[in-house]
Each structure stands twice: as C-alpha cells, then as structure tokens.
Amino acid sequence: MTIGVIKVARPRKMSFPESLYLVEIVKGLGVTMGHMLSNIVRQEGIKTIEYPEVRREMPPRFRGRHRLMKREDGTPRCVACYCCATACPAKCITIVAGESPDPGVEKYPVRFDIDMLRCVFCGMCVEACPCDAIRMDTGWFTPPDDTREKLIFTIDTLLEK
Amino acid sequence: MPTLTINGMIVDVPAGTTIINAAEKIGIEIPRYCYHPKLSVAGNCRMCLVEVEKFPKLQTACSTVVNDGMVVRTDTEKVRKAVTGVLELMLIHHPIDCPICDQAGECGLQNYYMKFGLHKSRYDLEDKVHKKKVQDIGGQIVLDAERCILCSRCVRFLTEVTGTQELHFFNRGDHSEISIFPGRPLDNNYTGNLADICPVGALTSKDFRFKCRVWFLKVFDSICTGCSKGCNVDAHHKGDILYRLKPRWNDAVNQAWMCDFGRLTYKEMNEARLLTPFVREEGARKVAAWGSLLPDVAFRLKAAAEKGGTDRVAVIASPQSSNEELYLLRRLATERLGTSNLAFTHRVAGDGFADGFLIQADKNPNSRGAQLLGIPDGAAFDALVSKIAGGGIDALLVFGNVLGPLSEEETAALLAKVPFVAQVGTNEGPVSKAANAVLPSASVAERGGTFTSHVGRVQRFRFGFPARGKAKNPIEILVSLGNRLGAGWDFAGEASVFKAIAGTEAPFAGMSYDSIGMFGQEIKG
Ligand code: SF4
Ligand code: SF4
Ligand code: SF4
Ligand code: SF4
Ligand code: FES
C-alpha cells in the first residue's frame, strides 16, 4: 500500500520591499491612529469600556459567578445535600454539613466553598440543586485577585450577592 | 425436594423454602421491605407480591412456601401494577426528604421507586399527614417517624434479637406511627443495627448523621477490634478517613449484627494517631527519620543485651496485633534478642463487660492468637511488670498504645524505670507519652492480616487505604528491626508471613489465606 501524499503549495517568495514589512507596518499604524482620532472626536461610538467600573450587559443565560440563595429569614436556602458537589465535574465544591438550629430545616451547610480557580463554569451545580439554592445569574465574571486563597469563595462571599 | 418454575426457569429447593428465597437462588430479585432473612416473616409490606398459577390472588413471596409443581411469575403486568400501587401507597405521606436524609443513596424507597414506581404523585402536598421528626430515641439512633413505612423490621429485631422491645406502633391508619414509650429510650447494646435494617431513612445513625453522603464511600472487609468475638465488618471510608462500620454477614460469627461499642471503634483510626516517628530527648519530643531511627532502636536493643545480658532486654506484645505481627515479634524476641522476657496481657482498664451474645469480656481482637503463637499471658505479664519495676530491664520494646489495665501515671512510673523504651503503636496514649522512641504503626484499616477470635476462628482483615502520615506497617518495622539484628528475613507483606506461620505453627498448620477466605476458618483442636 502506498502512502497518500498531499502536495502543499509553498508560499511565494517575498519580494525585497515586502520582506522589509515597512508598508504593512505603516498601514497597521494607520488603522490604530484612525481609531484614536475618531475616539477623540466621537466619544459616543467608543468600542472599549472601563471594566470593572463599567460592565457590559450580559445575556440572561450567561453563567457567571455563583451565588447562594437565602430564605426569607436570611439563612441559606441550601440544605447541604451534596447534589451540586456530586455533579460538579471539576470537584471544586467543598461542603461540610451540620445540624441546623432550626429543627424544621435540620441540615444546613456549615461550610460551602467553591474553588473558583478550578470551576469550569459549566452550570451542572445549578442543574443539580433540588432547592434552587445555587445560581449563576450574577452576570459577573470571577473578579481577579492576587492569591489563590482569596479565590476559594466561602459561604459568606457566596451569600453576599 | 419440591421443583417449581419461576419466570419459566425451573428450580429445586428444599421443602419449606419460601418463594422469595427460591427466586433469589436463580438470581431473580423480588422487591421487599418487611422481609429480613435474620428476622421472622411478617408479610405486611406487600411489596413482594407475585403471581402463582391456580391462586386467584397475588401472593406474598416472603411468606408463601413453595410446593412441587408451583408456577410463579414475577414479571407480569399484574404484578408490576400491584407493586407500583403498593409503592404509591407507601409514598402517599412520605416527606421525600432525600436532600437531607442520610439514607439517600442506599434507600429502599429510592431504589424501588426508580425500578417499579416512576409514577406521578396523585396526592396534594398539603394533605400529607405529618409526624414527629428528628427524635433522639436513645442508643445510636435518630427517629424520623414521617419516613417510616411501617415494615416492623425494627420491632421484630428488638423482640427477637435483643428482647428489649422498646419500639412499637401507635395509632391507626394514616396516623400509625413508630415510637418508643414516653421516657423509655432504646436501652440495649445493639441499637446501631436498627439503622442498618430499617429499609428507609426512619431510623438513622446519630454518629454518622450528616457526616458524609453514602455514595462517596468506599468499602473494604475488616474485623472489629472491639472485643475477641471478631465480628465481621464492612469498613466505609472516603480517602483516609473512616466514616462507619457496618456488620458484614457471617452466620458463624455475628450473623448480621454488631454491638454499639464495636461500631464506634473506627474513631480510633481517625483521631489522635501517631503520624511521625519521634524520640524523646530531655522530656521534649523530637521528630526523627525512619532511616536513622530503625537502626538506632535495633542497636540500642542489641547493645543492652550484649552489655547486661539478654535477661535485661524485654518485649511486651499486644493482643491488638495480628497473628503475623505477633509471630514475627516472638521470633524477634526469642531468636534475635535471645530473651525470655516476652509477654502480653489481654486485660484492659474497665469492667470487661460481656453478654451471652456478641460482646466478650476480652476487649482485644487477638488474645487467642497471641496465646496460640506461644506468647505468655497473665502471670508472665505480671512477673515482667514487677521485674521492670525492680529496675531489672535496660531496654524494652513495647507493642500497643497501653500496657494492659495500667493507668497513664502507672505506665509513666513503670517505664521511667527503663533507660530505653521503644514503642510501636497507632495512637497517642500512656505508652507514647513515656517512650524514648516512638515508631508509628499503620492502623487496622491501613494494613492487612489475620486475627484469631476467642473461639479460635482465624479471620482476615484487609488493607483499606495507605497509612496516614509517616506511619508504617508493623510487619515492615519488624522485618527491618529483625534484619538489623541479623535475621535475614525476606518477608514481604502479611501473606508471606502467614505462609511461614502455616508451615511451622501447629494450630495454624495447613491454613492459607485462600482457605480462610471471606468468612474465616477455625483452628484445629
Ligand atoms: S459551574 Fe460546574 S465546575 Fe463550577 S462549581 Fe458548578 S458544577 Fe462545578
Ligand atoms: S445542590 Fe443545592 S441544596 Fe444541595 S448542597 Fe448544593 S447548593 Fe446546597
Ligand atoms: S427515606 Fe428514602 S425516600 Fe425517604 S427521604 Fe430518605 S432517602 Fe428519601
Ligand atoms: S422505623 Fe424503619 S424498620 Fe421500623 S417499621 Fe419503620 S421503616 Fe420499618
Ligand atoms: S417482603 Fe413480603 S410482605 Fe413485605
């Protein structure tokens, strides 16, 4: 059996002026300058925004930073069933369950951490939750931070929003 | 032997067998709640309905005894409809607490709903009858009356096995409820079994409550270390943390039960463990490395024997060690150190409570093994203790965390009489607080081996997960010490040691891990 060979057309050799790249550089700079000048004279059409002070409107189904929902009395709605942690493909949810002071609730999360650096924003946790206790509808990206520890969001951070 | 047909398959069973067991024999699972092989037949849940030819109505497979020529069908539409109906009835008032219910994942209702139910509820949420939830009814049990399906397994267990009869049904109809009498909590040593036999989440374990979801747990075969009965257990763990012990069925030992004390012995394997080897210098602990500590201990033992004579070296064995470890330790003491100062004691602090059922007075899993391997118990231990107290010992090797019934002060005072004490132990305790060198040992969950129960039944406990911290398998420690004392042992793992035991020790002659198998083997004579 012979091996199939594909003939690939080699790029044409550049001519001397082309190989200096000068013309292309000037053309590129022209585009940049054009945008700069038009931004100065026509501010309302500006393309960039001043993130994070200004934020883009996200589509309603955008999966952003998680939040934990609260009951009417302000306690977490989460009952620490571990369904989200079980469904999570990144294994980034850590829950420690405890006996709730409210006997009508019974079980509640003493600890609920999401490691945002490992989260792949797939939304499986939201799908899995039987109590609608976790949502990703904040319209936020994970804000940047300077240590790994700060990006492991605890229950307090997640309940804030 | 009656011959019958189940779903077209022909099966021979002994006379008196019920349909449910005959079906099990050919791998047909008939759903059941109230039926439990170790309890009497109640026939009240109606989940096991099957069609039997010539019977006008469906029959309960758990209580119908087979007859020659019977034709049974478990897979007809009529049966399926009946079972779904029974399930729907049971779920009418069920709270469906699954997210907060510890039974979720191993629940009879969940499993059968997925298999036979999958129906939509026709009952309004507001109409459900509510009952008392989260009741601490004593022992190791939390009761949630709402989740109960009134199968009466618990009532029968407390009548037929413990004879204490604390749980009963109260009220009628929808309001039927399982409960204790007011002010009369569960009062027996076997309450933990109720959580195992309850097919739903009505009776759950107080100790395991909310600790872990069951689907995260992995299981390995082990033996309870709580007493010399040697109850077979399933050890449930996640990573290197043990979460619970459950009885593993063994008709020759513990049937399907275990005691409440034994059930909690797993905690010792999680808490207050010795994790790094250390030495004690002027009262302070100094972390040591295995590489230097093992030769050092071997050298100190040998030096003491050479200087003062072998009579000034002693070894104290532990009835918590496996047969394999005890065998190596005996050989180390008698052959390598050449000393006759070798003893152990089966006594422990406390009253040595026993009942005629499972709980034995001897609170160690392997006293019998130590005796059979020729390590002297009782008087020999007392003699060795008085010898140590009299300053007659220069170097001592101790296995175990405690010295029998001696208190922490007594242990400290005794060990202070010995210039060099090395310990191989699993947990912080009186001995680790006084020893000069501490060699941390893998726990029962972290190593394999065999124990000999009080009746001489040799049973295997299996390796569950790698040792925590820097702890080492005691067999490895013993082989390493032995070889530094010139033994030339090439044992690798407990299996090779057991082979040697079976070859030379009369009570174990001819045994092998294969012949011991899952359920153990009695020694001869
Ligand atoms: S979004 Fe996906 S990866 Fe992130 S926590 Fe939820 S389940 Fe895990
Ligand atoms: S699935 Fe929902 S209720 Fe369950 S632990 Fe996660 S957030 Fe809590
Ligand atoms: S008993 Fe079973 S079905 Fe009922 S709440 Fe518990 S897990 Fe769910
Ligand atoms: S508590 Fe459990 S074992 Fe007892 S009757 Fe109810 S369901 Fe059956
Ligand atoms: S298992 Fe037969 S009636 Fe309950």
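Two strands are taken to pair if DSSP finds at least two bridges between them. In this predicted model, strand E3 of chain B, spanning residues 49–52, meets that description with strand E4 of chain B, residues 59–60, the two running antiparallel over two bridges. Within this pairing, Leu49(B) has Thr60(B) as its bridge partner in E4(B). The hairpin formed by E3(B) and E4(B) has six residues between the strands. In that hairpin, Lys54(B) adopts a positive phi near 80 degrees.

Strand E3(B) is also joined to strand E5 of chain B, residues 71–73, again through two bridges and in the antiparallel sense. Here Val52(B) is matched with Val72(B), its bridge partner in E5(B). Strand E3(B) thus pairs with E4(B) and with E5(B).

The surroundings of two ligands were examined next. Ligand 2 is surrounded by 14 residues, and the closest are Cys78(A), Cys81(A), Tyr82(A), Cys84(A) and Cys129(A). The shell around ligand 2 comprises 14 nonpolar residues, with no polar and no charged residues. Around ligand 4 there are likewise 14 residues, of which Cys148(B), Cys151(B), Ser152(B), Cys154(B) and Cys198(B) come nearest. The shell of ligand 4 contains twelve nonpolar residues, together with one polar and one charged residue.

Cysteines thus appear among the nearest residues of ligand 2 and of ligand 4. A disulfide is a covalent bond between the sulfur atoms of two cysteines. A search of the whole structure returned zero disulfides over all chains. For Cys227(B), the closest cysteine sulfur belongs to Cys231(B) and lies 6.1 Å away, which is too far for a bond, because a disulfide requires the two sulfur atoms to be within 2.5 Å. Cys227(B) counts as buried because its relative accessibility is 10%, the limit for that class being under 20%. Cys151(B), one of the residues nearest to ligand 4, is likewise counted as buried, at 6% relative accessibility.

The two chains, A and B, also meet at an interface. Chain B contributes twelve residues to the contact, and chain A contributes 13 residues. Together the chains bury about 1,000 Å², and 61% of this area lies on carbon and sulfur atoms. On the chain B side, Pro99(B), Ile100(B) and Phe210(B) lose the most area to chain A, jointly accounting for 51% of what that side buries.

Conventions. Residues numbered from 1 in each chain as written. Chains lettered and ligands numbered in written order. Predicted model: local features only at pLDDT ≥ 70, side-chain atom pairs only at ≥ 80, totals over all residues. Heavy atoms only, no water. Near = heavy atom within 4 Å. Nonpolar A, V, L, I, M, F, W, Y, C, P; charged D, E, K, R; others polar. Buried < 20%, exposed > 50% of the residue type's maximum accessible area, 1.4 Å probe, protein only. Helix = DSSP H or I, 4+ residues; strand = E, 2+ residues; numbered from the N terminus. Contact = heavy atoms within 4.5 Å. Buried area = accessible area lost by both parts, 1.4 Å probe.
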